[in-house]
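Here's a friendly walk through a structure you may be seeing for the first time. Take a moment to turn it around before reading on.

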Amino acid sequence: MAVTLTVEVTAHLLIVERIAFDWLYHLYCPVEFALLVLYLRNSIISSRLRRITLYCIVVFAFVSLAFSTFLYGFKSIPGANIGTGSVLLVSLCTYVLFNLNAEDERPIFLLTNFWICAGLLLFFGVCTFFFGIYKPLFDLNAGDAYRLFGLIVSPLNLLLYLFIILGLLCSLHKRTY
């Protein structure tokens, strides 16, 4: 969350100063993907799948760099990068949700990974389509694309953070007095 906050604050400051900020998301995308996969990886029991997740991080970093260099030139929001990472994260979150610890006696809504995976599924599930069409929308009308970005992505971003906070609160051990 600290990395995300740093990127968002930096992007906001660049926007205020009317300086191009899109390049920042080209760097952030593989970092965010790696951090989320490493977190979710802790919930995977299968050693084979845990190994595959590490390979996915490396492959995605190369693919993302290739998209950024050859498709976008670091000059537009990296929709293909985000979309590709989103599909992989949605798949991993779905796996984690279907394999939550059944021996845990707590209700599902008190499990950390339920909230975090649900938030990631909601955010990336909805935004994947939008990020896929963002560049063509931006090419048609940059102002409308930015406004649509704010209408779709910003509320979902807040919802994602809310779900992450709820998950973190669930990870606190209840004390008995």
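Let's begin with a term: a residue is called buried under 20% relative accessible area, exposed over 50%, and partly exposed in between. Asp144 has 40% relative accessibility, so it counts as partly exposed. Keep in mind that what you're looking at is a predicted model.

**The salt bridge**

What does Asp144 pair up with? Its side chain meets that of Arg147 in a salt bridge, at 2.5 Å from N to O. Arg147 itself is exposed, with a relative accessible area of 53%. The two residues sit three apart in helix H6, which means that about one helical turn separates them. If you go hunting for others, a search of the whole structure turns up one salt bridge.

**The overall build**

Now zoom out. The protein chain has six helices and zero strands, so its radius of gyration is worth a look next: at 17 Å, it is close to the 16 Å that the globule rule gives for 177 residues, and the chain is therefore as compact as a globular protein of that length. Starting at the N terminus, the order of elements reads α-α-α-α-α-α. Along its principal axes, the C-alpha trace spans about 55 × 40 × 25 Å.

Of the 177 residues, 37% count as buried. The accessible surface comes to about 10800 Å², and 71% of that belongs to carbon and sulfur atoms. As for contacts between residues at least 6 apart in sequence, 64% of them join residues at least 24 apart.

**Inside: the core**

In soluble globular proteins, nonpolar side chains tend to be buried together. Here, the largest nonpolar core has 36 residues, and the members that touch the most others are Tyr25, Leu40, Ile77, Leu89, Leu120, Phe123 and Phe131. Which helices contribute to this core? Helix H1 (2–16), helix H2 (22–41), helix H3 (47–72), helix H4 (79–98), helix H5 (112–140) and H6 each supply at least two of its residues.

Phe131 is a good one to click on. Leaving aside residues up to four places away in sequence, Phe131 touches Ile77, Gly79, Ala80, Ile82, Phe149 and Val153.

**Outside: a nonpolar patch**

Some nonpolar residues are out on the surface. Met1, Ile165, Leu168, Leu169 and Leu172 form a nonpolar patch there, with about 500 Å² of accessible area together. One of them, Leu172, is found in the segment after helix H6 (142–171). Is Leu172 buried or exposed? With 55% relative accessibility, Leu172 counts as exposed.

**Two loop residues with positive phi**

Most residues other than glycine have a negative phi. Two exceptions are set out below.

| Residue | Phi | Location | Relative accessibility |
|---|---|---|---|
| Arg18 | near 60 degrees | loop between H1 and H2 | 80%, exposed |
| Phe74 | near 60 degrees | loop between H3 and H4 | 29%, partly exposed |

Neither is a glycine: phi is positive at Arg18, and it is positive at Phe74 as well. As for cover, Arg18 is exposed at a relative accessible area of 80%, whereas Phe74 counts as partly exposed at 29%.

Note on methods:
Residues numbered from 1 in each chain as written. Predicted model: local features only at pLDDT ≥ 70, side-chain atom pairs only at ≥ 80, totals over all residues. Heavy atoms only, no water. Patch = residues over 30% accessible without salt bridge, like charges linked within 9 Å, V, L, I, M, F, W, Y side chains within 5 Å. Areas by Shrake-Rupley, 256 points an atom, 1.4 Å probe, with all protein chains shown as cover. Salt bridge = Lys/Arg side-chain N within 4 Å of Asp/Glu carboxyl O. Helix = DSSP H or I, 4+ residues; strand = E, 2+ residues; numbered from the N terminus. Buried < 20%, exposed > 50% of the residue type's maximum accessible area, 1.4 Å probe, protein only. Rg over C-alpha atoms; globule rule 2.2 N^0.38 Å. Contact = heavy atoms within 4.5 Å. Core = buried A, V, L, I, M, F, W, Y, C linked by side-chain atoms within 4.5 Å.
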